[in-house]
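Thanks for coming, everyone. I would like to walk through one model today, moving from its strands to its cores and then to a few backbone details.

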Amino acid sequence: MTTGDSTTRAPTHPDILEVRYQPGFHLSAAHSLVALPAGAVFAKLTFPPLTNEPAPTWATVQTGRDTHIDLNSDLVYCNHSCAPTLEFDMHKFEIRVARDHPNGGIVVGEELTFFYPSSEWNMSQPFECRCGAGEGICKGTIAGAKDMGRERLKGYWLNPHIEELLDELEGKPNGAANGTTNGAANGTPNGATNGAANGAAKEEDAKKKKKKTKSCVMM
Ligand SMILES: [Zn+2]
């Protein structure tokens, strides 16, 4: 989420990204200085520089159903794209190369983007997307996952709190319904090893983890 910030601040992640500054709101962008395969960890998120924020703003990233953080670093220049190169996992506090990256990974110089509704339920400032992902891929107005619904979010990796809130919106009880959607979204990396038999246990595990993460964030 970008600002029209000045260029005076020292780079916060000089080993992995550079910010290409452009005059104008939301036009500056982060570009990769490294090549990494799909699914690889690009950066870990830690407090500090992260700070908890009481409410969503144009600069925050949502970490749970009621929790938001400010990145306070050049990572804020990772813009939205409907064909993102990164995943912001706000429960594991890590940024990964998108697992379905069309070229199998990021290359040096590539723009670093993520899909804002993967973390944002209800965005403070909806906007008309100009990601250039093309017809049928670009989602148009981006206003958070709440307004998009499950159908338009199909195929995207989503943070657990977004999956949970979508289930609630659809009136689904947590449980069996959750299993299928999580399964589909997370299928590729774990698919081969985690068979159907493990599904139920995994789901329980995932729930426990969710709770843990949430209480950590609250502190
Ligand atoms: Zn778009």
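Let me begin with a small question: in β2, which residue is the bridge partner of Leu-17? The partner is Ser-32, and I should say at once that this is a predicted model, in which local features need pLDDT of at least 70 and side-chain atom pairs count only at pLDDT 80 or more, while totals for chains, interfaces and linings use all residues. Residues are numbered from 1 along each chain as its sequence is written.

The protein chain comes to 4 helices and 14 strands, where helices (H or I, at least four residues) and strands (E, at least two) are DSSP runs numbered from the N terminus. Of its 219 residues, 28% count as buried; a residue is buried if 20 or more other C-beta atoms lie within 10 Å of its own, exposed if 12 or fewer, and partly exposed in between, with C-beta atoms placed from the backbone.

Back to the strands, where two of them pair if DSSP finds at least two bridges between them. β1 and β2 (residues 29–32) pair in the antiparallel sense over 4 bridges, and β1 has a covered face, made of Leu-17 and Val-19, as well as an uncovered one with Glu-18 and Arg-20.

Next come two open sheets. One has 3 strands in the order β4-β10-β9, with antiparallel pairing; β4 (41–44) and β9 (86–89) are its edge strands, each pairing on one side only. Between β9 and β10 (residues 94–97) there are 4 bridges, and Asp-89 stands opposite Glu-94 in β10.

The other open sheet, also of 3 strands, runs β5-β7-β6 with antiparallel pairing. Here β5 (51–53) and β6 (60–62) stand at the edges with a single partner strand each, so one side of each is left without a neighbour in the sheet. β6 and β7 (residues 68–70) pair over 3 bridges, and Thr-60 has Asp-70 in β7 as its bridge partner.

Turning to the interior, the largest nonpolar core (a set of buried Ala, Val, Leu, Ile, Met, Phe, Trp, Tyr and Cys residues joined through C-beta atoms within 7 Å) has 26 residues, and Phe-88 and Phe-114 are among those with the most contacts inside it. The elements giving two or more residues to this core are β1 (17–20), β9 and β10. Leaving aside neighbours within four places in sequence, Phe-88 is in contact (C-beta atoms, placed from the backbone, within 7 Å) with Val-61, Ile-95, Phe-114, Ser-118 and Ser-119. A second, separate core of 7 residues includes Trp-121, Leu-158, Ile-162 and Leu-166. Ile-162 and Leu-166 are also among the buried residues of helix α2 (residues 160–169), which is followed by Gly-171, whose phi is positive, near 70°.

Finally, some backbone details that you may wish to inspect. The peptide bond from Phe-47 to Pro-48 is cis, with omega near -25°, and the one from Pro-48 to Pro-49 is cis as well, with omega near 5°; Pro-49 lies in the loop between β4 and β5. Phe-93, in the loop between β9 and β10, has a positive phi near 55° although this residue is not glycine, and Phe-93 counts as partly exposed because 18 other C-beta atoms lie within 10 Å.

Conventions
Two residues are in contact if their C-beta atoms, placed from the backbone, lie within 7 Å.
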